[in-house]
Amino acid sequence: MAEAQFRVDYPNSKTRSSRIFALDKKAAQVLQQISEAPWNGAHFLTVLPAKDGKDATDAAYLRLSHPDGSPADVFEELRHADVVILISCDTRATGTAEAIAKVAFANKTMIAGLALAEGKSEGVTNEVVASLRPYASVLVVAQDNDFVPAMLTALRA
Amino acid sequence: MLRKEVNDLLTQTDPGTPMGDMFRQYWIPALLSSELPENDCDPVRVKLLGERLIAFRDTEGRLGLIDEFCAHRGVSLWFGRNEEGGLRCPYHGWKFDHTGQCIEVPSEAPESGFCEKIKLQGYPLVQIGDVLWTHMGEKDTRPELPEWEFSTVPAEQTFTSKRWQESNWLQAMEGGIDSSHVSFLHSGGLNSDPLFKGAKGNAYNLADKKPVFEVTESDGGLFIGARRNAEDGNFYWRITPWVMPSFSMVPPRGDHPVHGHFWIPIDDENCMAWSYDYHPTRALSTDERQAMMDGHGVHCEYVPGTFQPLQNKYNDYMMDRAAQRRGDTYSGVKGIAIQDGSLQESMGPIIDRTKENLVSTDNGIIMARHRLRKAVTALRDKGITPPGTIVSHQKVRSVAKVLGPDDAFAEACVDDLKVRPGQKQTSV
Ligand code: FES
Ligand SMILES: [Fe+2]
């Protein structure tokens, strides 16, 4: 194969620490389905609704869970993260995007936003995009949920 | 990174491969019209999708694109005599018409009907604008003729060139939608190239080197938006459409002609980089056309008599280290086209994508591969016609525009992103 002719198969990167956040219930369902595949150490995290009366934009009140339902701590999760991806299907989680972004920015980690448009109206998706835009240095609107594993594989998550 | 089997799937286009079948769904550029300038002119060798073909224009002006090799004993018909309504093999005189049908076998009596049994593979060749297009797939799946705006505007408004690139088509195409390289590789050219300089948008480009990217899907492919800071909290957007499998259009600058590309596989290790340059509403000026012919902008200079760039891998692309140190050019290579071509060829004939380390800003490329993969498997497994074959998918434009902070670019530019006959491109 031509491509193999001159590149020797030495590794050229170490494992990344990817943190993938589902900002709403629908996004959490999509992540749940793919989180079982073997990934390179990616953490899949679901954002739970803020407790009543708590400021959703304050990371101190952010409630996160792992796929098995055990709680996760946003500061701990982002401490060594290289890749942070926020996935959202609807706008309910606007405040939590800000909460996560503040922690990621403090750590100088960039954020990618992914809006899943499958089954959503254009209006809803545009609102999702607008809610992620202030925090994401790259934003993707995907029409089908299969893009999530394709993107995570491409990013070596 | 991309797994090896997906890399193979997307990069291999010979007959019988899934991606080869997908390319054969489209009308693709095969030759410049100027390569067959008159009836009975010299036949031209063309290799497309791994097939060696010969193009000719017969005595009556009919265009043919047929198997290069004579059906008798395999001689290249490039040596043929183009005369009296067909191409005659110089070895034993067999003659073929523009469809590849054998119309004369001198050794056999015409009454025998022998020659009717001999037919070379042939494809239609149609002139639209200054390009000759072909469709190499089945006749019953042949789509309507393409209507890309650059090839349908009057001749004085458009210019097309092509250059041979010694790499697989996909890495060349990916370069065309890789918006994040522009701030580096091409940073030297914005203020000097006659086909770019003077646009107000250039100042935004140079002032904000860290654009933010947004990728959305379109009917035919993608829109890739790059956003930079403008005045008063607004954003300067540059939007690149990509239409499957390999059309893209660079966002405009000022009132300069708009340009873009097609990348068409020659075989798995070579492609033809097509570059068009047109203005939707006015004739190109003499200076603009001259600059294009001289190899400025997205065009290049050639080894005389060929489509091989003058700066090529056999002369290290005329690398100028002093210019690189001074910062006149970022890579030391002159000219946008060869800056791209040189680096894409340097990846090797077919880049091993298992070794890449993509980052989030590569999402345009990630999404394009995803869509290609879905389209190619849908065609292979279910016979679904891929996006980009229908004319409405082809009627796209690139855009450069200043938008408010909360505008969704695809929505705010929905009309600007469409071809609007008689109306200028949306540009800053
Ligand atoms: S920095 Fe992108 S290929 Fe090297
Ligand atoms: Fe480029």
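A cavity here is a set of grid points where a 1.4 Å probe fits but cannot get out. In this predicted model, a search of the whole structure turns up 9 cavities of 30 Å³ or more. The largest has a volume of about 470 Å³, and the second largest has a volume of about 100 Å³.

**Largest cavity**

- Its lining consists of 28 residues.
- Nearest the centre of the largest cavity lie B:Gly176, B:His181, B:Val182, B:His186 and B:Val250.
- Two or more lining residues each come from α4 (169-176), β14 (221-229), β15 (235-243), β17 (258-267) and α9 (336-346), which belong to chain B.
- Among the contributing elements, α9(B) supplies the largest share of the lining of the largest cavity, with 4 residues.
- By residue class, the lining of the largest cavity holds 11 nonpolar, 11 polar and 6 charged residues.

**Second largest cavity**

- The second largest cavity has 16 lining residues.
- B:Tyr26, B:Trp27, B:Trp148, B:Gly388 and B:Gln394 are the lining residues that lie nearest the centre of the second largest cavity.
- The elements of chain B that give two or more residues to this lining are β1 (27-32) and β17.
- The lining of the second largest cavity divides into 12 nonpolar and 4 polar residues, with no charged residue.

**The two linings side by side**

- Strand β17 of chain B gives two or more residues to the lining of the largest cavity and also two or more to that of the second largest.
- Charged residues number 6 in the lining of the largest cavity, whereas the lining of the second largest has no charged residues.

Note on methods:
Residues numbered from 1 in each chain as written. Chains lettered and ligands numbered in written order. Predicted model: local features only at pLDDT ≥ 70, side-chain atom pairs only at ≥ 80, totals over all residues. Heavy atoms only, no water. 1 Å grid on protein atoms, 1.4 Å probe; cavity = no way out; pocket = protein on both sides within 12 Å on 5 of 7 lines; lining within 4 Å. Points joined across faces, edges and corners; volume = space filled by probe spheres on them. Nonpolar A, V, L, I, M, F, W, Y, C, P; charged D, E, K, R; others polar.
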